[in-house]
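Subject: Structure handover

Hello,

Here is the structure I promised to pass on to you. Please have a look at it first, and then read on for my notes.

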Protein chains: 2
Amino acid sequence: MKLYGYWRSLATFRVRIALNLKGIAYDETIVDLHKGEQLQAAYRSINPQGVLPSLFDDGDGTPLFQSLAILEYLDETHPQPPLLPRAPRDRSRVRGLALIAAADAHPLVVPRVRNYLGKEFNVDEPARIAWGRHWLAQGCAALEANLAADPRTGRYCHGDSPTLADICLASHMAGAKLFDVDTSPYPTCERIRDACFALEAFAKAHPLKQPGAPKP
Amino acid sequence: MKLYGYWRSLATFRVRIALNLKGIAYDETIVDLHKGEQLQAAYRSINPQGVLPSLFDDGDGTPLFQSLAILEYLDETHPQPPLLPRAPRDRSRVRGLALIAAADAHPLVVPRVRNYLGKEFNVDEPARIAWGRHWLAQGCAALEANLAADPRTGRYCHGDSPTLADICLASHMAGAKLFDVDTSPYPTCERIRDACFALEAFAKAHPLKQPGAPKP
């Protein structure tokens with residue numbers, strides 16, 4: 001498959017993890033968010049919204065978009081190992097946890113939002129970082145409250161194998177690290193993050209291991 | 001089923017539409033967002049994140065959370081009429097369109113975000129409204145670009161029967177109306193919105209038709 005992504009894009013990171021878990025080979029084309037390449041005509045012809053990632057499955061010219069929609073596609077077309085449990089109620093829980101991270105927190109910390117805060121409201125960089133930290137910490141708190149209270153939580157967010165929820169938790173926790181959020185008040189999130197990154201599929205997908213990332 | 005919601009909550013609106021489309025009877029318990037009831041202990045025991053909606057299916061004590069995860073649950077447990085097409089690529093498109101509205105736009109305009117802008121950045125009410133309009137218009141533009149360019153767009157977002165994407169488009173356009181966004185640059189969005197609200201299932205779920213809503 002052909003993935004359009006960028007090292008720092010947490011949404012691209014999610015898709016990379018799923019491709020790795022499913023054992024699907026892919027090439028990644030870099031769309032440099034810092035240079036604004038996602039907004040140029042060449043990429044917009046693939047993704048009219050001008051956001052990352054996009055994915056082309058081999059043999060069909062239609063691009064897939066929005067990371068969670070791509071994860072569902074990969075799970076439907078490559079069912080092993082499954083990224084969702086079987087029972088509808090459990091599937092809904094996994095999707096709900098995924099959305100807490102990917103829908104309620106992540107869209108608030110992306111470059112286009114930080115840029116608006118600076119340009120329209122004169123919010124300086126330290127305050128923009130505080131903004132990012134606030135929403136990422138709120139996401140951690142929501143995940144922690146759900147995970148800690150539910151007996152279905154196991155080694156991973158739901159039972160003992162990774163699901164969509166873990167992919168989104170891992171990207172959320174990586175984002176929290178990039179923003180230097182103190183995640184010690186969220187021990188279940190930290191424990192599951194560590195379980196995720198012990199897996200090669202997660203570890204090698206990490207933003208800081210991609211071409212173009214800053215050296216540690 | 002038992003729904004916890006509020007008239008102005010666009011996420012609750014989405015679940016109401018799906019319940020109506022599926023012909024599922026439900027009672028709605030009001031959680032007053034303007035009074036902050038979603039953050040009180042009583043509701044947090046149901047929804048630890050303190051957000052709307054939550055849904056209880058009859059005969060099981062576990063609450064469902066996050067509107068898109070609830071919609072998927074309803075579609076899996078009550079398959080008729082389907083809210084997703086059959087082919088994985090088409091399902092992914094529908095979910096992607098739904099996420100443009102529900103994940104990339106809606107989380108930016110909710111009360112907790114508007115409150116943060118006022119309290120932490122001293123952003124006044126007119127500027128907060130401009131913020132809301134900006135992100136809702138961006139969502140319309142992204143939806144319009146995808147819908148207008150894709151031959152799979154029909155009477156509704158995908159073909160000629162309503163899907164998850166239409167539920168999210170309808171809630172997005174209702175949000176745009178609440179914020180007084182000029183949606184005339186997005187004729188496909190307007191056309192599909194009108195097709196949706198011609199259906200009783202959408203029309204009677206509308207925020208302004210719920211108990212507590214301001215009179216027209």
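A word on strands before anything else: two strands are taken as paired if DSSP finds at least two bridges between them. With that in hand, strand β1 (residues 2–5) of chain A and strand β3 (residues 54–56) of chain A are joined by three bridges and run antiparallel. Within this part of the sheet, A:Leu3 has A:Leu55 of β3(A) opposite it. Please keep in mind throughout that this is a predicted model.

**The sheets**

The pair belongs to an open sheet of four strands in chain A, with mixed pairing and the order β2-β1-β3-β4. At its edges are β2 (27–30) and β4 of chain A, each of which pairs on one side only.

Chain B also has an open sheet of four strands, in the order β2-β1-β3-β4 and with mixed pairing. Its edge positions go to β2 (27–30) and β4 (64–65) of chain B; each has a single partner strand, so one side of each is left without a neighbour in the sheet. For β4(B), there are two bridges to strand β3 (residues 54–56) of chain B, and these strands run antiparallel. Here B:Leu55 is set opposite B:Leu64 in β4(B).

**Chain A as a whole**

Chain A has nine helices and four strands in its secondary structure. If you walk along the sequence of chain A, the pattern reads β-α-β-α-β-β-α-α-α-α-α-α-α.

How does the radius of gyration of chain A agree with that of a compact globule? For 216 residues, such a globule would come out near 17 Å, and chain A has 17 Å, which agrees. The C-alpha trace of chain A spans about 45 × 45 × 30 Å along its principal axes. Of the 216 residues in chain A, 48% are buried. Among the contacts in chain A with a separation of 6 or more, 69% are between residues 24 or more positions apart.

**Two domains in chain A**

The domain assignment splits chain A into domain 1 (2–81) and domain 2 (88–203). Between the C-alpha centres of domain 1 of chain A and domain 2 of chain A there are 20 Å. Where they meet, twelve residues of domain 1 of chain A are in contact with 15 residues of domain 2 of chain A.

On the domain 1 side of that contact in chain A, α1 (10–22) and α3 (67–77) each supply at least two residues. The largest share of this side is from α1(A), with seven residues. Sorted by class, the domain 1 side in chain A has nine nonpolar, two polar and one charged residues.

**Where the chains meet**

Between the chains, 37 residues of chain A are in contact with 37 residues of chain B. On the side of chain A, at least two residues each come from β4 (64–65), α3, α4 (88–105), α5 (111–121) and α6 (125–149). Which of the elements gives the most to this side of chain A? That is α4(A), with eleven residues. By class, the side of chain A that touches chain B is made up of 22 nonpolar, eight polar and seven charged residues.

**How the copies are related**

A turn of 180 degrees with a shift of 0.0 Å along the axis lays chain A on chain B with an RMSD of 0.0 Å. This is the relation of a two-fold axis. Both copies use the same surface, as 100% of the contact residues of chain A recur in chain B. A:Ala103 is the residue of chain A that comes closest to the rotation axis, with its C-alpha at 2.2 Å.

**One residue to look at**

You may like to centre your view on B:Arg91, which is found in helix α4 (residues 88–102) of chain B. Is B:Arg91 buried or exposed? It has 20 C-beta neighbours inside 10 Å, and therefore B:Arg91 counts as buried. Apart from neighbours within four places in sequence, B:Arg91 is in contact with A:Glu72, A:Glu76, B:Leu84 and B:Pro85. B:Ala165 is 74 residues away from B:Arg91 along the chain, and their C-alpha atoms are separated by 9.8 Å.

Best wishes

Methods:
Residues numbered from 1 in each chain as written. Chains lettered and ligands numbered in written order. Predicted model: local features only at pLDDT ≥ 70, side-chain atom pairs only at ≥ 80, totals over all residues. Domains from an automatic or database assignment. Contact = placed C-beta atoms within 7 Å. Nonpolar A, V, L, I, M, F, W, Y, C, P; charged D, E, K, R; others polar. Least-squares fit on C-alpha atoms with pLDDT ≥ 70 in both. Rg over C-alpha atoms; globule rule 2.2 N^0.38 Å. Buried ≥ 20, exposed ≤ 12 C-beta atoms within 10 Å, placed from the backbone.
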